[in-house]
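Hello,

I am passing a structure over to you and would like you to have a look at it. My notes on what turned up follow below.

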Amino acid sequence: RFSTSILFQADIKATAPILNIKETIMQTLNNQTALVTGAGSGIGQDIAVKLAQMGTNVVITGRKEAPLKETAALHGNISYIVADVGKTEDVSRVLVK
């Protein structure tokens, strides 16, 4: 019983810094703009949605419009630009916007 109490207290102390880091990250990203490439699906889509939920304005890019539209529809803070980041002219166009 005694060891359980100590373990519980240690768990609270261990998670406190993690919560502070999460709050700091959320405050830092709020009202910022992030560019996520390949965000029409998979990890890119997950990252874009999570950033948008944290208050970040997210611009997503990909080569196909339909998946980008679907991702953008998941949150109001997400907009998209159809672009292939493997092409210099597309990268320049994205950065100008």
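To read the pairing in this predicted model, it helps to know that two strands count as paired if DSSP finds at least two bridges between them.

Let me begin with the sheet. Its 3 strands form an open arrangement in the order β1-β2-β3, and the pairing is parallel. The edge positions belong to β1 (33-37) and β3 (78-82); each has a single partner strand, so one side of each is left without a neighbour in the sheet. From one strand to the next, the twist averages 25°.

How many bridges join β2 to β3? There are 5, and β2 covers residues 57-62, running parallel to β3. Within that pairing, V58 stands opposite I78 in β3. As general background, strands of a sheet pair through backbone hydrogen bonds, either parallel or antiparallel.

A helix belongs to this picture too. Helix α3, residues 65-72, packs on the sheet and touches β2 and β3. The direction of α3 makes about 170° with that of β3.

Now for the pockets. The largest pocket holds about 180 Å³ of space. It is lined by 13 residues, and those closest to its centre are G38, T61, G62, R63 and K64. Two of the elements described above return here: β2 and α3 each supply at least two residues of the lining. Which classes make up that lining? By class, it has 5 nonpolar, 5 polar and 3 charged residues.

Enjoy exploring the model, and write back whenever you like.

Best wishes

Terms used:
Residues are numbered from 1 along each chain as its sequence is written. This is a predicted model: local features need pLDDT of at least 70, side-chain atom pairs count only at pLDDT 80 or more; totals for chains, interfaces and linings use all residues. Side-chain values use heavy atoms; hydrogens and water are left out. Helices (H or I, at least four residues) and strands (E, at least two) are DSSP runs, numbered from the N terminus. Axes are lines fitted to C-alpha atoms, for helices over the stretch in contact, and angles run from 0 to 180 degrees between N-to-C directions. Contact means heavy atoms within 4.5 Å. On a 1 Å grid over the protein atoms alone, a cavity is a set of points where a 1.4 Å probe fits but cannot get out, and a pocket is an open set with protein on both sides within 12 Å along at least five of seven lines; lining residues have an atom within 4 Å of a point. Grid points are joined across faces, edges and corners, and a volume is the space filled by probe spheres set on the points. Ala, Val, Leu, Ile, Met, Phe, Trp, Tyr, Cys and Pro count as nonpolar, Asp, Glu, Lys and Arg as charged, and the others, Gly among them, as polar.
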